[in-house]
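Reader: Before I rely on any of the labels attached to this model, I would like to hear the reasoning behind them. Could you take me through it?

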Amino acid sequence: MLRVILCENAARWASEAADIIAGVIREKSRPVLILPTGGTPMPVYDALAQSHADGVLSFAHTTTFNLDEYVGLEPTHQQSYRAFMERNLFQRVDIPAGNTHVPLGVAADMAAQCQQYEQALEQAGGADLAVLGIGGNGHIGFNEPGTSFASRTHVVSLDERTRRDNARFFSSLDQVPTQAVTMGLSTIQSARRILLLAQGAAKAPILRAALQGPVTESVPASILQCHGDVVAVLDLAAASQLEDLSVEWRAGLRQMA
Ligand code: PGA
């Protein structure tokens with residue numbers, strides 16, 4: 001089932017998303033989360049760090065697995081996703097360092113690492129919640145259009161569009177890596193619950209395609225239509241091209257108002 005929660009402003013959007021994540025952390029004795037990077041989750045991580053600072057949320061028993069990492073960047077590189085996570089979340093909360101997993105972009109044997117990453121997730125008991133952003137081309141993780149729905153963790157070549165979208169974090173487009181390691185679509189889909197996050201009009205067309213268009217490997221996020229428990233937390237601009245919003249969706253908006 002897909003549930004959409006519409007939020008009228010950015011503060012509401014971040015707190016709604018953070019509440020869903022915090023709810024899973026509180027409800028499970030050993031919660032396991034799949035986490036994204038990118039511009040989208042930053043305000044959500046701020047809200048979670050604030051809850052921790054306020055003494056109402058602990059990550060002491062939480063285990064995390066990040067979706068992806070650039071190939072070729074050391075974990076200490078400013079733009080590596082390990083460094084992003086340390087800066088934006090891990091260093092701000094009480095999660096034990098050993099509980100955080102981000103693929104290594106400089107592993108000597110990438111294929112072996114991909115397998116180990118899958119095994120580690122399985123040994124942790126699988127993910128209770130996968131938190132996802134969505135790329136302008138419909139990617140989730142770094143699963144670019146055309147990726148098999150059956151994919152597990154693997155190395156990918158990045159789309160030119162993705163490299164351009166992410167160039168804002170680098171000094172120039174040349175500096176953006178050309179490859180990444182990412183959980184596969186089947187890995188993501190195996191999470192017991194999925195939280196999809198998006199804000200802004202630029203994401204509206206791809207959300208319409210992913211959530212209400214045909215289920216096709218040319219729109220990787222369309223696989224989410226086959227998952228039994230997806231919540232999309234969207235602002236009004238991101239949701240502006242969705243059609244036939246159900247009463248429940250509108251009810252979400254009224255509750256937010
Ligand atoms: P963004 O990226 O959050 O920076 O928009 C989303 C994504 O590419 O998954």
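Author: What follows is a set of questions about a predicted model, with the reasoning for each answer.

Reader: How do you know which parts of the chain the predictor is confident about?

Author: pLDDT is the predictor's confidence in each residue, on a scale from 0 to 100, and the chain averages 94, with 95% of the residues scoring at least 70. Among the elements, strand E2 (residues 32-35) has the highest mean pLDDT, 99, whereas helix H8 (residues 247-256) has the lowest, 57.

Reader: Why is Gly 136 called buried?

Author: Buried means under 20% relative accessible area, and Gly 136 has a relative accessibility of 17%, so this residue counts as buried. Gly 136 lies in the loop between E6 and E7. From Ala 108 it is separated by 28 residues in sequence and by 31 Å in space, taken from C-alpha to C-alpha.

Reader: What makes strand E9 largely enclosed?

Author: Of the 5 residues of strand E9 (residues 194-198), 5 are buried, so the strand is largely enclosed by the rest of the structure. Both directions are accounted for: Ile 194, Leu 196 and Ala 198 point one way, Leu 195 and Leu 197 point the other way, and all are buried.

Reader: How do you know that E9 is paired with E6 and with E10?

Author: Two strands pair if at least two bridges are found between them. Strand E6 (residues 129-132) is joined to E9 by 3 bridges, so this criterion is met, and the two run parallel. E9 is joined to strand E10 (residues 230-235) by 5 bridges, again in the parallel sense. As for individual positions, Val 131 stands opposite Leu 195 in E9, and Ile 194 stands opposite Val 230 in E10.

Reader: Why are E4 and E7 called edge strands?

Author: The open sheet consists of 3 strands in the order E4-E8-E7, with antiparallel pairing. Strand E4 (68-70) and strand E7 (154-157) each have a single partner strand, so one side of each is left without a neighbour in the sheet, and they stand at its edges. From one strand to the next, the twist averages 25°.

Reader: What makes E8 a partner of E4 and of E7?

Author: The requirement is at least two bridges; E4 and strand E8 (residues 179-182) are joined by 3 bridges, while E7 and E8 pair over 4 bridges, so both pairs satisfy it. Asp 68 stands opposite Thr 182 in E8, and Val 156 stands opposite Ala 180 in E8. E7 also has two distinct faces, a covered one with His 154 and Val 156 and an uncovered one with Val 155 and Ser 157.

Reader: How do you know which residues line the largest pocket, and what is their character?

Author: A lining residue has an atom within 4 Å of a point of the pocket, and 33 residues line the largest pocket, of which Thr 37, Gly 38, Gly 39, Asn 166 and Arg 168 lie nearest its centre. By class, the lining has 13 nonpolar, 14 polar and 6 charged residues; glycine is counted as polar here. The volume of this pocket is about 580 Å³.

Reader: Which elements supply its lining?

Author: E4, helix H3 (81-88) and helix H5 (160-166) each supply at least two residues of the lining of the largest pocket, and the largest share, 4 residues, comes from H3.

How values were computed:
Residues numbered from 1 in each chain as written. Predicted model: local features only at pLDDT ≥ 70, side-chain atom pairs only at ≥ 80, totals over all residues. Heavy atoms only, no water. Axes fitted to C-alpha atoms, helices over the stretch in contact; angles between N-to-C directions. 1 Å grid on protein atoms, 1.4 Å probe; cavity = no way out; pocket = protein on both sides within 12 Å on 5 of 7 lines; lining within 4 Å. Points joined across faces, edges and corners; volume = space filled by probe spheres on them. Buried < 20%, exposed > 50% of the residue type's maximum accessible area, 1.4 Å probe, protein only.
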